[in-house]
Amino acid sequence: MKSVAANLLNDTSDAEDAVQEAFLKIYRALPGFKGESLLSTWLYRILVNTCHDLGRRRTRSPEVPAADRPEDVREPEPGAPPVDPALRLTLERLIHRLPPLPRTVFVLFEVEGFKHREIAGILGIPEVTSRYALFEAKKALQTQILASRRGRTDA
Amino acid sequence: MTFTCRDLDDTLREQEPSALEAARAHAVACPSCREMLALWDEIAAAAPRLRKEWPSPDLWPRIRRALAQEARHREGRPAWLTRLPGRLSLAAAAALALAAVAWLGLRGPGRPAGGDPTAEGRFLTEQALRDVERSEEEYVASIDRLAALAEPRVQRADSPLLARYREKLRLLDAAIATCRAELDRNRFNAHLRRELLAMYQEKQRTLQQVMEQET
C-alpha cells in the first residue's frame, strides 16, 4: 500500500500520511462493507482515492525526491532482465507528468502488477478504459524518452 | 492482412496476442518499429523497479493511535456495533480493520497464490506470518464474541429467515473448520488464508443480519 501511495504522490512522507488516512477511512467504512467487490479491491479503491485527495490538497514539491533514496527502490527479482538505471530514474520523473488516470493505471499495472480487471474494479472504470489509459501512459513515456535520447544523440 | 507501421499503435493499445506477434515479425525488418517495440518492452521491464519499500517503524503505532482516537471521538456508531459492549465494539472494529489490511499484505498483486514457501519467502516471512496470525486470532475472537451475542437468537430461530441464517452459519462453520485444518498443514498458503478471510467475512455479515432482525 505504501508503494502505491508513494508512486502516486511522489513523496514517501505523503505516502505514509495517505496510508494512515486510508486506514481511518477503512475503519469508518468497514462495518458497511457489503462484499459487493473483493476486499482488496475495496481497500485499494479507498487508498487510491485518498492519494488523489491528498495530491490535490498538497502542491508542494518533495524536498528530497523519493527515488534519490537508495533504500526506497526494490531490489530486482532474481532472473529479472537488467534495467538501465537511467531509464528507471527517467521513468520516475516522467510518470508524475502524466495525467491522473494514465498515471494511476500505469502505477497499478506496470509497477504493482495488478490486472486490468482488478484496476477496473479499483478505479470504477471499464476494463477497456484501463487498457487505453495504460497505452496513453506508455505512449507518452515512450515519446518523451525517445525525444530525450534523440536529443542526446544529436547534441 | 499485412502489418504496417501504422498498425503499431492500435496493436499496442489492444494487446491482442496475434496482432502483437505480427508486429514483432514486422519489426524484424523495420528499424523504426523495432525501436518503438524495444522501448515499449524496456518501459515494462523497468517499471517494477519503481516499486518502493522503505522502513516505517512509526507508521503502525501512528495508525493505531489514530484509530484509537477516532474510536474515542466517534459518534453514531453503526447499529451492529452499538449492540456490542463499548470496549468490545472498538476492539471488534479495530481488529477488523487491522486484520483486513494485514491479510491484504499477503495478497501482493501479481504474486503466485500457491503454497510454495520458498517462492514466497521474500514476502511471507515468518515474522509477517506471525503478525497475520495474531491479527487473525483477534479478528476471529471478535467474531466469536459477536456469535455469542447472536447465539440465543440463532438457537431460537423463531422465523423461517432466522432458520435459514442458522443453517448458513452451520455450513460456514463447517467450511471454516475444513479450511483451518488445511491451513494447519500449510501455514504459508496465502490463497487458503484469503479463502478463510472471505468465509469469516461472510459469517460476520450473517451474524450482523441476525442481530438486525427484530425480536
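**View 1. α3(A) and α6(A) sit oblique to each other in this predicted model**. Start with the geometry: the two axes come within 8 Å and cross at roughly 60°. An angle between 35 and 65 degrees falls outside the parallel and perpendicular classes, so the label here is oblique. As for handedness, α3(A) and α6(A) make a right-handed crossing. On the α3(A) side you'll find Thr41(A), Tyr44(A), Arg45(A) and Val48(A), and they meet Glu118(A), Gly121(A), Ile122(A) and Leu123(A) of α6(A). Sorted by class, that contact has four nonpolar, two polar and two charged residues.

**View 2. Helix α6 of chain A is mostly covered**. This helix takes in residues 116-123, and six of its eight residues are buried. The buried ones are His116(A), Glu118(A), Ile119(A), Gly121(A), Ile122(A) and Leu123(A). Just after the helix comes Gly124(A), with a positive phi near 65°.

**View 3. Zooming in on Gly121(A), a residue of helix α6 of chain A**. With 20 other C-beta atoms within 10 Å, Gly121(A) is buried. The cut-off for that label is 20 or more, so Gly121(A) qualifies with its count of 20. Leaving aside residues up to four places away in sequence, Gly121(A) touches Ser37(A), Leu38(A) and Thr41(A). Also worth picking out is Ser40(A): it is 81 residues from Gly121(A) along the chain, and the two C-alpha atoms are separated by 9.9 Å.

**View 4. α2(A) packs on α3(A) at an angle of about 130°**. Here helix α2 (residues 12-29) and helix α3 (residues 39-57) of chain A have their axes 9 Å apart. That angle makes α2(A) and α3(A) oblique to each other, and α2(A) passes α3(A) in a right-handed crossing. From α2(A), the contact draws on Asp14(A), Asp17(A), Ala18(A), Glu21(A), Ala22(A), Lys25(A) and Ile26(A). From α3(A) come Leu43(A), Ile46(A), Leu47(A), Thr50(A), Cys51(A) and Leu54(A). Split by class, the residues of this contact are eight nonpolar, one polar and four charged. If the spacing along each helix catches your eye, recall that an α-helix has 3.6 residues a turn, so residues three or four places apart point the same way.

**View 5. The largest nonpolar core has 45 residues**. Those with the most contacts inside this core are Ala5(A), Ala18(A), Leu47(A), Leu91(A), Val105(A) and Phe106(A). Helix α3(A) supplies the largest share of the core, eight residues. Take Leu91(A) as a spot to look at: not counting residues up to four places away in sequence, Leu91(A) touches Leu141(A) in its own chain, plus Ile43(B), Ala46(B), Ala47(B) and Leu50(B). Apart from the largest core lies another one, of 10 residues, including Tyr139(B), Leu196(B), Leu197(B) and Leu207(B).

**View 6. Two loop residues, Asn10(A) and Gln15(B), have positive phi without being glycine**. Asn10(A) sits in the loop between α1 (2-9) and α2 of chain A, and its phi is near 60°. With 19 other C-beta atoms within 10 Å, Asn10(A) is partly exposed. Over in chain B, Gln15(B) lies in the loop between α1 (8-14) and α2 (17-28), with phi near 55°. Gln15(B) has 12 other C-beta atoms within 10 Å and is exposed.

**View 7. Arg130(B) in helix α8 of chain B**. The helix runs over residues 126-156. Is Arg130(B) buried or exposed? With 11 C-beta neighbours inside 10 Å, Arg130(B) counts as exposed. Its C-alpha atom and that of Arg187(B) are separated by 10.0 Å, although the two arginines are 57 residues apart along the chain.

**View 8. Stepping back to chain A, with seven helices and zero strands**. From the N terminus on, the elements run α-α-α-α-α-α-α. Of the 155 residues in chain A, 38% are buried. Among contacts in chain A between residues at least 6 apart in sequence, 65% join residues at least 24 apart.

How values were computed
Residues are numbered from 1 along each chain as its sequence is written. Chains are lettered from A and ligands numbered from 1 in the order in which they are written. This is a predicted model: local features need pLDDT of at least 70, side-chain atom pairs count only at pLDDT 80 or more; totals for chains, interfaces and linings use all residues. Helices (H or I, at least four residues) and strands (E, at least two) are DSSP runs, numbered from the N terminus. Two residues are in contact if their C-beta atoms, placed from the backbone, lie within 7 Å. Axes are lines fitted to C-alpha atoms, for helices over the stretch in contact, and angles run from 0 to 180 degrees between N-to-C directions. Angles under 35 degrees count as roughly parallel, over 145 as roughly antiparallel, 65 to 115 as roughly perpendicular and the rest as oblique. A crossing is left-handed if the near helix is turned anticlockwise from the far one by less than a right angle, and right-handed if clockwise. Ala, Val, Leu, Ile, Met, Phe, Trp, Tyr, Cys and Pro count as nonpolar, Asp, Glu, Lys and Arg as charged, and the others, Gly among them, as polar. A nonpolar core is a set of buried Ala, Val, Leu, Ile, Met, Phe, Trp, Tyr and Cys residues joined through C-beta atoms within 7 Å.
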